[in-house]
Amino acid sequence: MALEVESRHLGEVVVLVGKAFQDKRGVFMEAYRQDQFEQLGLPGIFVQDNHSSSRKGVIRGLHFQWDPPMGKLMRVTYGAAFLVAVDLRLGSPTLGKWVGVEASAENKKVVWAPANFARGFCALTDEVHVQYKCTGIYNPKAESAIRWDDPEMGIEWPVHEPILSEKDRNAQTLAQWLASENARQFAYPEQWINA
């Protein structure tokens, strides 16, 4: 297999590690194979690829989308980042819980978090490139964010005064999201558990 499961968290978040082949020319790695993902019970079809570049201390997130549902397969291709996923599933025994994984170009960790999770990351090195495959096309009318420092979640970020976008600085709390009409889109268990 190109990627092997290292661990599973919160019932749905999967951390995978890529197998790299290295010789005097450099490195080769299969970062994604539809057949192998489907064998692991993960989605095989992704419809959008995103590439983000950030400098040290930047936090992006915690973002999510409900229409269409957007799961993300995240990996770091340059530098290192702390990747985070937060459970937003109404009725879930792990609602509001989070998992954080240090991923880097060196350790080749890949994180899958389905659409009913908020995702984000913190850049740990001077320059970081995060690439992520998405299961849904971006829809600005059906996406939102949770505050990175919401005390209800208590995420242990590796930075205390991050560089943030205006959108992320003004994001809602988890409680505000759960009180909204749209939060019902993330009922647990839900019909697109691996979408």
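**Exercise 1. Find the salt-bridge partner of Arg-25 and say how exposed each of the two residues is.**

Step 1: Arg-25 pairs with Asp-23 in a salt bridge, and their closest N and O atoms are 2.6 Å apart. A salt bridge here is a side-chain nitrogen of Lys or Arg within 4 Å of a carboxyl oxygen of Asp or Glu.

Step 2: Before going on, know your model: it is predicted, so local features need pLDDT of at least 70, side-chain atom pairs count only at pLDDT 80 or more, and totals for chains, interfaces and linings use all residues. Residues are numbered from 1 along each chain as its sequence is written, and side-chain values use heavy atoms, with hydrogens and water left out.

Step 3: Now check accessibility, where buried means under 20% relative accessible area, exposed over 50%, and partly exposed in between (1.4 Å probe, protein chains only). Arg-25 has 75%, so Arg-25 is exposed. Asp-23 has 36%, so Asp-23 is partly exposed.

**Exercise 2. Are Arg-89 and Asp-87 buried or exposed, and which network do they belong to?**

Step 1: The side chains of these two, Arg-89 and Asp-87, form a salt bridge at 2.8 Å, N to O.

Step 2: Arg-89 is buried because its relative accessible area is 3%, and Asp-87 is buried because its value is 0%.

Step 3: Through shared salt-bridge partners, Glu-12, Asp-87 and Arg-89 are joined into one network.

Step 4: For the overall tally, the structure has 12 salt bridges.

**Exercise 3. Describe the surroundings of Ser-144.**

Step 1: Look for Ser-144 in strand E13, residues 143-145. Strands (E, at least two residues) and helices (H or I, at least four) are DSSP runs, numbered from the N terminus.

Step 2: Ser-144 has 17% relative accessibility, so Ser-144 counts as buried.

Step 3: Setting aside neighbours within four places in sequence, Ser-144 is in contact with Leu-62, His-63, Phe-64, Trp-66 and Gln-172. Contact means heavy atoms within 4.5 Å.

Step 4: With Gln-172, there's also a side-chain to side-chain polar contact at 2.7 Å. That term covers a pair of N or O atoms within 3.5 Å; within protein, one must be able to donate a hydrogen and the other to accept it, and residues adjacent in sequence count only if both atoms are side-chain atoms.

**Exercise 4. What lines the largest pocket, and what lines the largest cavity?**

Step 1: Get the terms straight. On a 1 Å grid over the protein atoms alone, a cavity is a set of points where a 1.4 Å probe fits but cannot get out, while a pocket is an open set with protein on both sides within 12 Å along at least five of seven lines; lining residues have an atom within 4 Å of a point. Grid points are joined across faces, edges and corners, and a volume is the space filled by probe spheres set on the points.

Step 2: The largest pocket holds about 370 Å³ of space. Its lining has 23 residues, and those closest to the centre are Arg-60, His-63, Lys-72, Tyr-132 and Lys-167.

Step 3: Strand E6 gives the most to this pocket's lining, five residues.

Step 4: Turn to the largest cavity, with a volume of about 30 Å³. Its lining consists of Ala-2, Leu-3, Tyr-32, Arg-33, Gln-36, Phe-37 and Leu-40.
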